[in-house]
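Work through the exercises below with the sequence and the structure in view. Try each task before reading its solution.

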Amino acid sequence: MPAAEFSALFTSLNTLRIMVSAAKDMSDNHKIVTAVTDIQNQLMQAQGGMLAGLEKQQAQASRISELEAEIKTLKNWEAEAQRYELAAFATDVFAYRLKESMRNGEPAHWICSKCYQKSEKGFLNYESETHGRKTFKCVACNAKYDNDDIDDDEQRSMDFSPSPF
Ligand SMILES: [Zn+2]
């Protein structure tokens, strides 16, 4: 209850108490009824204020929960993003490859650079092969990555050699 409304209500209640204890005859009844009505109005106002305050408080609590979840997701993504490095998937085609030292038992793989920029992880999976050219597709956004299979240390086909770990 807002302080101003509480103060007004307290004053009215005190006035009513004084009037009731001082009431001697029926002529005071009108004053008492007026004071009671005034108090009822103030109570209704205060109740409305309390409800609005509660709704606002619940909305704020809900927003805080959402933001906490968002922060947690971002922190998780930051840790996950550190496991990958940008590399040439094919000539002039870039994607993120799992660092050798960060495998943690996972097989070597690539993830989509477009999804990576949105703090998302989309695995590149083999889709098809045409005239020796393999096409991979992001499982998250469906972006296609052609692999021309040129021999280069910085580039690689998806035929990963077994991990030494
Ligand atoms: Zn993607």
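Four exercises follow, each with a worked solution.

This is a predicted model, in which local features need pLDDT of at least 70 and side-chain atom pairs count only at pLDDT 80 or more, while totals for chains, interfaces and linings use all residues. Residues are numbered from 1 along each chain as its sequence is written.

**Exercise 1. Elements**

Task: State how many helices and strands the protein chain has, and in what order the elements run.

Solution. Step 1: helices (H or I, at least four residues) and strands (E, at least two) are DSSP runs, numbered from the N terminus. Step 2: by this rule the protein chain has three helices and six strands. Step 3: read from the N terminus, the order is α-α-β-β-β-α-β-β-β.

**Exercise 2. The open sheet**

Task: Find the order of the three strands in the open sheet and describe how they pair.

Solution. Step 1: two strands pair if DSSP finds at least two bridges between them. Step 2: the order is S1-S2-S3, with antiparallel pairing. Step 3: strand S1 (84-90) and strand S3 (110-111) each have a single partner strand, so they stand at the edges and one side of each has no neighbour in the sheet. Step 4: S1 and strand S2 (residues 93-98) are joined by six bridges. Across this pair, Leu 86 is opposite Tyr 96, and Ala 88 is opposite Phe 94. Step 5: two residues separate S1 and S2 in a hairpin, and Asp 92 in the turn has a positive phi of about 60 degrees. Step 6: S2 and S3 are joined by two bridges; Tyr 96 has Ile 111 in S3 as its bridge partner.

**Exercise 3. Core and surface**

Task: Identify which strands each supply at least two residues of the largest nonpolar core, and decide whether Thr 130 is buried or exposed.

Solution. Step 1: a residue is buried if 20 or more other C-beta atoms lie within 10 Å of its own, exposed if 12 or fewer, and partly exposed in between, with C-beta atoms placed from the backbone. Step 2: a nonpolar core is a set of buried Ala, Val, Leu, Ile, Met, Phe, Trp, Tyr and Cys residues joined through C-beta atoms within 7 Å. Step 3: the largest one has twelve residues, among them Phe 89, Tyr 96, Trp 110, Ile 111 and Phe 136. S1, S2, S3 and strand S5 (133-138) each supply at least two. Step 4: Thr 130 lies in strand S4 (residues 124-130). Thr 130 counts as exposed because it has 8 C-beta neighbours inside 10 Å.

**Exercise 4. Confidence**

Task: Find where in the protein chain confidence is lowest and highest among the elements.

Solution. Step 1: pLDDT is the predictor's confidence in each residue, from 0 to 100. Step 2: the mean for the protein chain is 85, and 85% of its residues reach 70 or more. Step 3: helix H1 (residues 3-22) is lowest, with a mean of 74, and S3 is highest, at 98. Step 4: over residues 161-165 the pLDDT is below 50. Where pLDDT is low, the predicted coordinates should not be read in detail.

Notes: Two residues are in contact if their C-beta atoms, placed from the backbone, lie within 7 Å.
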